[in-house]
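Student: Could you take me through a close look at one part of this protein? I would like to see how a single residue sits in its surroundings, and then how that part compares with the rest.

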Amino acid sequence: MIRQVLVISVLCFDYVIGHVSYSIPEEMAKGSLVGNIVQDLGLDLKRVKSGKARLYTGDSAQFIELNKERGVLLIKEKIDREALCRQTTPCALHFQITLENPLELFPVTVEITDINDNAPVFQKEERIFEISESAAVGSKFMLEKAIDPDIRTNGLQRYTLKPIDNFVLKSHLQSDGSKKVEMILQKPLDREKQEHIYLILTAEDGGEPQMTGTMQIHVTVLDANDNAPVFSQAIYKATITENSEKGTLVIKVTASDADSGQNGNVTYVVGNSMDPVSKLFRITRNGEVILDGPVDYEKEKIFNLDIEAIDQGGLSDSSKIIIDVSDVNDNSPTINMISSSDSVPESSAPNTVIALMSVNDPDSENNGKVNCVINENVPFNIKFTSNNFYCLVTDGELDRERDSRYNIRVTCSDEGVPSLSSSDTFTLQISDVNDNAPIFEKMSYEAYIVENNTPGVSIFTVKATDADWNQNARVSYILEESSINGVPVSSYVSVSADSGVIHAIRSFDYEQIKDFKFSVKAQDGGSPPLSSNVTVKILIQDQNDNPPQVLYPVQTGGSMVAEMVPRSADVGYLVTKVVAVDVDSGQNAWLSYKLQKATDRALFEVGLQNGEIRTIRQVTDKDAVKQRLTVIVEDNGQPSRSATVIVNVAVADSFPEVLSEFTDFPHDKEYNDNMTFYLVLALAVVSFLFITCLVVIISVKIYRWRQSRILYHSSLPVIPYYPPRYSDTLGTGTLPHVYNYEVCRTTDSRKSDIKVGRTGSQNMLIMDPSSTGTMQRIQSEKNILDEPDSPLEQKPPNNDWRFTQGQRPGPSGPHMPYGTHIRWTPKNGTRATGGPEVAMGTGPWPQPPTEAEQLQALMAAANEVSEATATLGPGTMGLSTRYSPQFTLQHVPDYRQNVYIPGSTATLTSNPQQQQATAQQATQQALPPPQASAQAEPPKAAQTPASKKKSTKKEKK
């Protein structure tokens, strides 16, 4: 196989045309390789796949196919050159390979070369000649030509005739390249010797291997006919118009025969009846050539017709008719859309290729010249490239918002007469580009809202439209940042991003702000987004929400203002003028004045519009000096609001007279509804707080009582009281000071503690010497019963309540008693007080008292506690400590018998003898502590008048 590759590149805007030629023999098997088109075009195999490569053959049958995987051209159908091109040379297939994105076109030509696959063939296997024996030597006898569809060397090359005793073969090359074969008589015939002669005519081609065809010739020798017919012309030429009707006369030929009679009658026949051309024409007996089939210029432009004239004697002559077919404009241009785009962006630049097409007109000359145009008023243009190819390009700016779709009609017309045309229409969508910003319906907006509106109410709606499409046309509304009197506008209004509805964020007050402006931005959803702004002005409409305010006369609660009218005042005398304003606007601020009440309505009137108070009659002496006018001021709102003002008028000629009359002028007490409400509310709050406090106090008391009952019934051991040991009662001992030991013990020895170093003077009971049955407390622990867990912290006694050395009960002189305080603490750390913190005194424990005595002792103790609490300062141990809840009745001493004095060696009793014996017994039992000598003598306290007073009261008891 011989393959020739020829690449021709033609630039046409966005695509390239390359021309490749191949040469292959006919009759190749299906699937045979034609050529590597990718390699020959210099393309990439990926480009072939991505560009959706395909073959475009037009109306021709497709014998070649493209293998995209290998990038090669293959035989799709077996090709017969003779059936495809007949005798036309060269025989070639023309098609195009197209690629997309970008558009590329590559014309391809495949030439089909001939092979010797056809042998020469005669139409008839036998030819019979009747030749007169008188035929002259050199007489010619036309033989039928053999047909070989092959061309060039593979076609018919020569003829041979056997035997050649009487006849020889002579061939002539004709103008169309074919050979005319004649049998020439070279030796006179003798019917008497040989009546029948049998010859074999052989046709040979020049192919490898050589192929032949034969025909038998049977010659019958007749009697003499010595003149053969002769045509008037060796070659006839005729012209016929294509699409001529059947039966049309093409040409008339003539042949003459010099013989006479039957030998002079000439018959015309069309030679080589095997040729398809012979079927299109027929010849009559008188030599007229008649069209007997359709003639199409596009299929065959010239016909070569062989004719023969034969007389009755068998003599003949031959001639040739060349028939030219004249073209008629009978074919409209054919438009084939090779590649086209369904859509193109509106931002496409001019000369962007959107479609590629081929236009063919098989007619000739002007009938085949084609001009293509498109419909007007579209931004496109069609341009001729080469080889009947046209490209459709943009010819201006595209705007999808103006035209989103174009129906482009391509019309192609030839130059024939009459002109024929054809058209094709395809639809092109214009894809959107975000090239339009949103546009508001108005250049600016004004909206009104009545003051005192509800927050969140809708004011009005701004609307913007975007001419783009889909996402590019989706409009969002944004409130532009700004401030109104230093306050962000977003605290006044809000804008719905989707609907553009403007809502009020707050309630507006016309008296504070009457109007304000802000900007709203409309932004589309394109990339990048486009936007536009609009100014919105909100006007606040006034509402009658403010009553009139009286500026004059001024109403004060502490003083009184009166207008003087002389008794000589005439009618229309201007007394005063009520001046009022209304902060509202419009008709809401239009004020009218009316006289509501007056001491004498017949004396004064008020101007409806100006508020002037004038006299309407002459003032007389009978008119009262004190005149009280109530003027009401109303606005014109709906509903109207009003205010009242009281005008005091004095009808007098002198100021002293006015002063004397107005000193007892009653002041009206005007009660404000709001004040009444606040008073009622305050009363309710105070009542509630009182009840709450009462409940809390009762709850606390109950709680403490329950705590005391719990400790009273607890299983804690009662710590017995052990009287302290005393020093010498006569003051002659060696320990002048008192030591107080405080030992804290728990069941866990690791939590025990001991305190040393407290002088006995910190716990003392002082008693008036004249008293025999009552003790006076001068020190007490604060709230020791309320907080049983708190440690006992004794404070130094008040010096005002101490007695001097001479005033102390018991024996005189220094003494050094000391006491030991013992408190037990459970293991869990809670300290319980099991009895009195400390007990002072000497002598034996009293006998168990009776129930009456116990009750009397409790009442006396309670009385002492109340008096001591009111008289003594903090830090003094009182009798309340002695009678704690844990201290049972058996620990209560009998006040009729003994009184124990802490810090002293004496025991007071009602019996002087018993008192003396008890003191002696205590002196014998007292032992001084070893560290007593180191302590300094406590200071002596002087008796105060208060203590004397208390003692006197107790004596009376």
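Tutor: Happy to! Let's start with Leu679, which counts as exposed because its relative accessibility is 56%, and exposed here means over 50%. Please keep in mind that this is a predicted model. Leu679 is found in helix 6, which covers residues 673-712. Around Leu679 there is a nonpolar patch on the surface, of about 870 Å². Met675, Phe677, Tyr678, Leu681, Val685, Phe688 and Leu689 make this patch together with Leu679. It is worth setting that beside a general tendency: in soluble globular proteins, nonpolar side chains tend to be buried together.

Now let's turn from the surface to the inside. The largest nonpolar core holds 29 residues, and the members that touch the most others are Val493, Ile502, Phe516, Phe518, Val520, Val536 and Ile538. Several strands each supply at least two residues of this core, including strand 41 (493-495), strand 42 (501-504), strand 43 (515-524) and strand 44 (531-541). Separate from this core is another one, with 27 residues, and Val20, Ile37, Val48 and Ile112 are among them.

Ile538 makes a good example to zoom in on. If you leave out neighbours within four places in sequence, Ile538 is in contact with Ala447, Ile449, Ile459, Phe460, Lys514, Asp515, Phe516 and Phe518. Try finding each of these in the viewer.

Next, have a look at some strands that pair up. Strand 50 (residues 604-606) and strand 51 run antiparallel and are joined by 3 bridges, with Phe604 standing opposite Thr615. These two strands form a hairpin with 5 residues between them, where Gly611 has a positive phi near 75 degrees. Strand 51 (residues 612-615) also pairs with strand 47 (residues 574-577), again in the antiparallel sense and over 3 bridges. In that pairing, Leu574 is the residue opposite Arg614.

Finally, step back to the whole protein. There are 957 residues, and 43% of them are buried. The secondary structure amounts to 10 helices and 60 strands. Among contacts with a separation of 6 or more, 69% link residues 24 or more positions apart. The accessible surface comes to about 50800 Å², and carbon and sulfur atoms account for 52% of that surface. With that wider view in mind, you can go back to Leu679 on helix 6 and find the other members of its patch, such as Phe677 and Phe688.

Notes. Residues numbered from 1 in each chain as written. Predicted model: local features only at pLDDT ≥ 70, side-chain atom pairs only at ≥ 80, totals over all residues. Heavy atoms only, no water. Patch = residues over 30% accessible without salt bridge, like charges linked within 9 Å, V, L, I, M, F, W, Y side chains within 5 Å. Areas by Shrake-Rupley, 256 points an atom, 1.4 Å probe, with all protein chains shown as cover. Salt bridge = Lys/Arg side-chain N within 4 Å of Asp/Glu carboxyl O. Helix = DSSP H or I, 4+ residues; strand = E, 2+ residues; numbered from the N terminus. Buried < 20%, exposed > 50% of the residue type's maximum accessible area, 1.4 Å probe, protein only. Core = buried A, V, L, I, M, F, W, Y, C linked by side-chain atoms within 4.5 Å. Contact = heavy atoms within 4.5 Å. Pairing = 2+ DSSP bridges.
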